[in-house]
Amino acid sequence: MPECASCGRSIDPRWRYCPWCATPQRIKLVEFFRPHPLIESEAGKGLRVSRYLGAADQERQVRFSVWREVSSSSAEAESAVSIDEAEAERLARFLVHPAAPVENEDEDEATLANG
Ligand SMILES: [Zn+2]
């Protein structure tokens, strides 16, 4: 049973708020990103990035999902993947400093190729 990061009392992992002190236990931040305007085949698609800031390690993740517009009022997720905080930090470094070497790059490519 996880504990509230604020008061330390036991809480159910599904609860968004601690019932004892009302501290949020699972915070989700969401941003949408438009596709490249000059790549016509991707018009109507978008990238949703959801960042979960929970108290437990498995709750803290960044989830990427590719959405496709299916009508003027609805969209559906085509694919999604979640990465942990260490990978999210590596991605952030890659985006901010693309020319800098990114550690573990070769190891990850080998893992993906073999797995
Ligand atoms: Zn609490």
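So, to kick off: in what order do the strands of the open sheet stand? The answer is E1-E2-E3-E4, 4 strands with antiparallel pairing, where two strands count as paired if DSSP finds at least two bridges between them.

Before I go on, a word on the source. This is a predicted model, where local features need pLDDT of at least 70, side-chain atom pairs count only at pLDDT 80 or more, and totals for chains, interfaces and linings use all residues. Residues are numbered from 1 along each chain as its sequence is written.

Back to that sheet. E1 and strand E4 (74-84) sit at the edges with a single partner strand each, so one side of each has no neighbour in the sheet. From one strand to the next, the twist averages 20 degrees. Angles here run from 0 to 180 degrees between N-to-C directions, with axes as lines fitted to C-alpha atoms, for helices over the stretch in contact.

Then there's helix H1, residues 85-96, which packs on the sheet and touches E3 and E4. Its direction makes about 105 degrees with that of E4. By contact I mean two residues whose C-beta atoms, placed from the backbone, lie within 7 Å.

Zooming out a bit: the protein has 2 helices and 4 strands, and along the sequence they follow the pattern β-β-β-β-α-α. Those are DSSP runs numbered from the N terminus, helices being H or I with at least four residues and strands E with at least two.

Now the pairings. E1, residues 26-33, and strand E2, residues 45-54, run antiparallel and are joined by 8 bridges. Arg26 stands opposite Gly54 in E2, Lys28 has Tyr52 as its bridge partner there, and Val30 faces Ser50. Moving over, E2 pairs with strand E3 (residues 61-71), again antiparallel, over 8 bridges. On that side, Arg48 has Ser65 in E3 as its bridge partner.

How many of the 8 residues in E1 are buried? The count is 0, so to speak a strand that's hardly covered. Across the protein, buried residues make up 3% of the 115 residues. Buried means 20 or more other C-beta atoms within 10 Å of a residue's own, exposed means 12 or fewer, and partly exposed is in between, with C-beta atoms placed from the backbone.

Last one: among contacts between residues at least 6 apart in sequence, 14% join residues at least 24 apart.
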